[in-house]
Amino acid sequence: MRLLAAAAAVLLAVPARAAAPLPSAAAFARYSVLTPAGPDEPPPAALKDAKRLLYAVHRVERGEYSASKIAKEYGTTLSALQSTNHDELLLMYPGMRLTIPNRDGELYEVRRASETLDRIVARFRSGAAARRELKELIARANRLPGIALLAPYELKRGDRLLIPGVRMSFDTYHFPFRSQNWPRISSGFGYRFHPILHRRIFHDGFDIPKPYGTPVYPARSGRVVSAGWHEGYGELVEIRHFNGESTLYGHLSKIYVHVGQIVERGRTLLGRVGSTGISTGPHLHFEVRDRYGRPVSPRGVIGRTSARNARRDPRRKWGKGW
Ligand SMILES: [Zn+2]
């Protein structure tokens, strides 16, 4: 049963335009979650003033740095922007694309063919009563037909639904230290001339110099899958996170956790900075791997819930570059 039309065609840049005459509501059919047609560049005020649920894909321009200001312009909230874009910090840069609904809530994109409404609701709520309540809220917010509440209701890949009242879990990556300021990085992610091995070699993470003994905390909550000596990494801790991605902490001088232990982001003391393994001085080797075990750039995950969109070397499968 296919009752909701796709709105996938709207994935176009939508730069902010000031002082342009506002198109009529009919012209916005494209940005409705119900009908895929309409203009490419709707001004934010038109979405804000619209009575119906609409969304746009906003391309961040030079000089735009406040996500909450953008949210306000489109008639939504910062938390709606955060959860819709799976990005807690929303560190903005020119060219970045933000999906913005004109209501509060997460605009959920259906990623699998024939996903049912019940299945989507189950992702956000547990318990029969809470699920029924959310289902009704979704039906109302998206103007779904009454049948959606009575019979199994299927959606298509690319369909979008506003999920009112949900908030991002904030299960995002942080820096593995007390301070969340951007640390100095002595060696970044990518090819480099190795100071000890004296050859060009891929570096799978960030080298963050810190005084010997600096406390190291999990960048994200998860379960310890490895704790101990590991070749060039020296004393190493690896944490598997709940979506299958993992983080690694190398060259430690001390390890305080054991395999199987559940550790909490920013709270469980993992160990201390050292210079064990192949290392020229006290620093933390911090590495992030996607759910296939491929190292990705830590830069692309800080503040996010997933390593899916972070940069990685397409040729590399397994990390061995400390
Ligand atoms: Zn390193």
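I count a residue as buried if 20 or more other C-beta atoms lie within 10 Å of its own, and as exposed if 12 or fewer do. I'm working on a predicted model here.

**α2, inner side.** I went through the helix with that cut-off and found Ala 67, Ile 70, Ala 71 and Tyr 74 buried. Looking down the axis of α2, I see these buried residues within an arc of 100 degrees, so they line one face of the helix. I then checked what they pack against, and got α1, β1, α3 and β2.

**α2, outer side.** On the face turned away from the buried side I find Ser 68 and Lys 69, both exposed. Past the end of the helix comes Gly 75, with a positive phi near 85 degrees.

**Largest nonpolar core.** I looked up its 30 residues and asked which touch the most other members: Ala 71, Tyr 74, Leu 81, Ile 100 and Ile 163. Elements giving two or more residues to this core include α1 (44-49), β1 (55-59), α3 (78-84), β2 (97-101) and β6 (160-163). My helix, α2, gives the most, with 4 residues.

**Tyr 74.** I skipped its neighbours within four places in sequence and listed the remaining contacts. They are Pro 44, Leu 47, Lys 48, Ala 56, Ile 100 and Asn 102.

**Second core.** Apart from the largest core I noted another one, of 19 residues. Val 216, Val 224, Leu 236 and Phe 286 are among them. As a general reminder to myself, nonpolar side chains tend to be buried together in soluble globular proteins.

Notes: Residues are numbered from 1 along each chain as its sequence is written. This is a predicted model: local features need pLDDT of at least 70, side-chain atom pairs count only at pLDDT 80 or more; totals for chains, interfaces and linings use all residues. A nonpolar core is a set of buried Ala, Val, Leu, Ile, Met, Phe, Trp, Tyr and Cys residues joined through C-beta atoms within 7 Å. Two residues are in contact if their C-beta atoms, placed from the backbone, lie within 7 Å. The arc is that of the directions from the helix axis to the C-beta atoms.
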